[in-house]
Amino acid sequence: MPVFVHAIAAVVPDTVYPQRVIRDVIRAQPELDRLGQRLTTAIFNASGIDQRHSVVRDFLGGPDDAPGLFYDPATGRMLTPGTGARNDFYTVHAAELFVRAARQVLAACPGLKAQDITHVVTVSCTGFFAPGPDYAVVRALGLAPHVQRFHVGFMGCYAAFPALKMARAFCEADPDAVVLVVCAELCTIHMHSADDPDTLIANSVFADGAAAALISARPPAAGTPALRMDHFETTLTPPGVGEADMAWTIGDQGYDMVLSTYVPDIIEAHIQGALLPLLAHEAALAGAPHREVEHWAIHPGGRSILDKVQGSLGLSDDQLRPSREVLRRYGNMSSATVLFILADLLRSADEGGAGDRGRVCAMAFGPGLTVESGLLTKFSGLD
């Protein structure tokens, strides 16, 4: 039984920072020596990111403004709130983003109403609270009190895939199920100053955003863009490879994000093998050049990761353009990011007319090192 992504909505906080603004803030911190300052400039300038959105407004303040939770504009110093204070901030602002994304995806899909939703799956790895974002979404949207609720927590950048797989399983088990998946990440509330390369890289790429998807086995209306969910696979790199190179741990001053300089090389070495189980589902794709899959939604953990994936798989610039554009406009929003790319692909199907079909290979990388992948089909109407 086919299951479809009927709509995706992507939202970001109102505050947006040009990449150079955060670069200059980081460069000015006293923890950085001259080498750290040079590294900061090089890392930010090579990031492939023009701007990033954040729930933190502190860096917009002028010298006469009072300090915020994260930054004192009078001194130019980044402040060091504890993990509890950061999580309190997350509780307020994450709930707002979850609800915004959920409302927008319902507005984008007139064929499905709030009362149709049977399951809510929320995703986040940048904070926790209870009752959680699943509860906040049910209450804010006026969903039925018996809606089933699930939360995927602390799985990192690939976590949208487990949520999508859960949604597909629910719909396969119950043809009347309608699943609302919402990812929201507030990565920037964990930014802090340090002179080690891992922290500098994390400070240069992570951003805030949310995305929601509506999933059901109900056939999309004629002329309506949709994504059919065909196959999913999970692959781990060999034991001892990448386990310490991509990780998040809870520290005294927020979450410590590790995205080491070795990650792109690890992905390059293992990406073809990671895709074998996914493409083996279809004889026409197994063993064929990877560029035979028309569309790619590759989680942009960073520019160098996209470069390595493109080179290893022999993909064209056009096939990487959606991923690079999301990185350029929004940065790395952890679990929400791949849904931003899929939303752009859905939008292009809507603009392309009924004949715009194509296969989509989606991938994300996360702690472990884990590679999650999915094969989908996009179209703008059923025959």
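Colleague: Which residues do ring pairs link into a cluster?

Modeller: Keep in mind that this is a predicted model: local features need pLDDT of at least 70, side-chain atom pairs count only at pLDDT 80 or more, and totals for chains, interfaces and linings use all residues. Residues are numbered from 1 along each chain as its sequence is written, and side-chain values use heavy atoms, with hydrogens and water left out. Rings of Phe, Tyr and Trp (its six-membered ring) pair if their centres lie within 6.5 Å, and planes under 30 degrees apart count as stacked, over 60 as edge-to-face and the rest as tilted. Ring pairs of this kind make a cluster of Tyr-17, Phe-59 and Tyr-71.

Colleague: What kind of pair do the rings of Tyr-330 and Phe-340 make?

Modeller: The ring rule gives a count of 10 aromatic pairs. For Tyr-330 and Phe-340, the ring centres are 5.1 Å apart and the planes sit at 65 degrees, so the pair is edge-to-face.

Colleague: Are Tyr-330 and Phe-340 buried or exposed?

Modeller: This pair links distant parts of the chain, with Tyr-330 in helix 9 and Phe-340 in helix 10, 10 residues apart. Helices (H or I, at least four residues) and strands (E, at least two) are DSSP runs, numbered from the N terminus. Residues are called buried under 20% relative accessible area, exposed over 50% and partly exposed in between (1.4 Å probe, protein chains only). Tyr-330 and Phe-340 are both buried.

Colleague: Which strands stand at the edges of the nine-stranded sheet?

Modeller: Two strands pair if DSSP finds at least two bridges between them. The nine strands make an open sheet in the order 7-6-8-9-1-10-15-14-13, and the pairing is mixed. A single partner strand each, so one side without a neighbour in the sheet: that describes strand 7 (148–153) and strand 13 (295–298).

Colleague: Which residue of strand 15 stands opposite Val-360?

Modeller: Strand 14 (residues 358–366) and strand 15 (residues 370–379) pair in the antiparallel sense, with nine bridges. Across from Val-360, in strand 15, you'll find Leu-376.

Colleague: And what joins strand 11 to strand 12?

Modeller: Strand 11 (residues 246–251) and strand 12 (residues 254–259) run antiparallel, joined by six bridges. Thr-249 faces Asp-256 of strand 12. The link from strand 11 to strand 12 passes through two residues and is a hairpin.

Colleague: What is the omega of the peptide bond between Gly-368 and Leu-369?

Modeller: Most peptide bonds are trans. Leu-369 belongs to the loop between strand 14 and strand 15. The bond joining Gly-368 and Leu-369 is cis, with an omega of about 0 degrees.

Colleague: Where is Pro-131, at the cis bond from Ala-130?

Modeller: The bond from Ala-130 to Pro-131 is cis, and its omega is near -5 degrees. Pro-131 sits in the loop between strand 6 (119–124) and helix 4 (133–141).

Colleague: What relative accessible area does Ser-334 have?

Modeller: Most residues other than glycine have a negative phi. Ser-334 has a positive phi of about 55 degrees even though it is not a glycine, and its place is the loop between helix 9 (317–330) and helix 10 (337–352). Ser-334 is buried, at a relative accessible area of 0%.

Colleague: Is Phe-154 buried or partly exposed?

Modeller: Phe-154 is not a glycine either, yet it has a positive phi of about 60 degrees. You'll find Phe-154 in the loop between strand 7 and helix 5 (160–173). Its relative accessible area is 30%, which makes Phe-154 partly exposed.

Colleague: What covers the buried residues of helix 4?

Modeller: Buried in helix 4 are Pro-133, Asp-134, Ala-136, Val-137, Val-138 and Leu-141. Their cover includes helix 3 (83–107), strand 6, strand 7 and strand 8 (178–186).

Colleague: Which helix gives the most to the largest nonpolar core?

Modeller: A nonpolar core is a set of buried Ala, Val, Leu, Ile, Met, Phe, Trp, Tyr and Cys residues joined through side-chain atoms within 4.5 Å. The largest has 84 residues, and those with the most contacts inside it include Phe-59, Leu-180 and Leu-214. With 10 residues, the element giving the most to this core is helix 3.

Technical notes. Contact = heavy atoms within 4.5 Å.
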